[in-house]
Amino acid sequence: MNFQNDLLSSLPRHLSNDQAFLYEGAMTLGEISFAVINMNTNESPGPDGLTVKFFRKFWDLLGPYLVYVYNECFDLGEMCV
């Protein structure tokens with residue numbers, strides 16, 4: 001658990017002004033669904049180790065929550081880059 005905390009605490013938490021400028025608006029379920037559909041199945045898009053296969057399997061349940069979380073993180077300026 002300490003390794004995970006060390007890893008996550010070392011990641012940048014705020015977008016630079018240049019990165020924020022590139023952002024066009026709230027993420028949509030369609031945009032994030034497109035990204036999940038086009039990822040390699042055995043990849044793990046985050047530090048939790050959950051694979052794309054997992055996200056696809058439970059997408060109908062997880063998708064709307066993830067859209068909310070991603071947009072909240074961006075609005076708070078806490079997206080990892």
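**Note on helix α5 and the core**

1. Asn71 is buried, with a relative accessible area of 13%. The cut-off for buried is under 20%, so Asn71 qualifies. This comes from a predicted model. Asn71 sits in helix α5.

2. What does the side chain of Asn71 reach? The partner is the backbone nitrogen of Met27, at 2.7 Å. Met27 is also listed in the largest nonpolar core. A polar side chain in α5 thus has a partner in a residue of that core.

3. Now the helix itself. α5 covers residues 59-75, which makes 17 residues. At 1.5 Å a residue, the helix should span 24 Å. The C-alpha atoms at its ends are 23 Å apart, so the expected span and the model agree.

4. Which residues of α5 are buried? They are Trp59, Gly63, Leu66, Val67, Asn71 and Phe74. The buried residues of this helix pack against α3 (29-37) and α4 (52-57).

5. Next, the largest nonpolar core. It has eight residues. Met27, Ile32, Val36, Val52, Phe55, Trp59, Leu66 and Val67 form the set. At least two of them come from each of α3, α4 and α5. The most come from α5, which gives three residues.

6. Val67 deserves its own point. This residue is buried in α5 and belongs to the largest nonpolar core. Leaving aside residues up to four places away in sequence, Val67 touches Met27, Thr28, Leu29 and Ile32. Two of these names, Met27 and Ile32, are also on the list for the core. Met27 therefore recurs: Val67 touches this residue, and the side chain of Asn71 reaches its backbone nitrogen.

7. Check the exit from α5. Just after the helix, Gly77 takes a positive phi. The value is about 75°.

8. Overall make-up. The protein has five helices and zero strands. From the N terminus on, the order reads α-α-α-α-α.

9. How much of the protein is buried? Of its 81 residues, 16% are buried. The exposed area is about 6500 Å². Carbon and sulfur atoms supply 60% of that area.

10. Contacts along the chain. Take those with a separation of 6 or more. Residues 24 or more positions apart account for 52% of them. One example of a touching pair is Val67 with Met27.

Definitions and conventions: Residues are numbered from 1 along each chain as its sequence is written. This is a predicted model: local features need pLDDT of at least 70, side-chain atom pairs count only at pLDDT 80 or more; totals for chains, interfaces and linings use all residues. Side-chain values use heavy atoms; hydrogens and water are left out. Helices (H or I, at least four residues) and strands (E, at least two) are DSSP runs, numbered from the N terminus. The expected span of a helix is 1.5 Å times one less than its number of residues. Buried means under 20% relative accessible area, exposed over 50%, partly exposed in between (1.4 Å probe, protein chains only). Contact means heavy atoms within 4.5 Å. A nonpolar core is a set of buried Ala, Val, Leu, Ile, Met, Phe, Trp, Tyr and Cys residues joined through side-chain atoms within 4.5 Å. A polar contact is a pair of N or O atoms within 3.5 Å; within protein, one must be able to donate a hydrogen and the other to accept it, and residues adjacent in sequence count only if both atoms are side-chain atoms. Accessible areas come from the Shrake-Rupley method with a 1.4 Å probe; for residues, only the protein chains shown count as cover.
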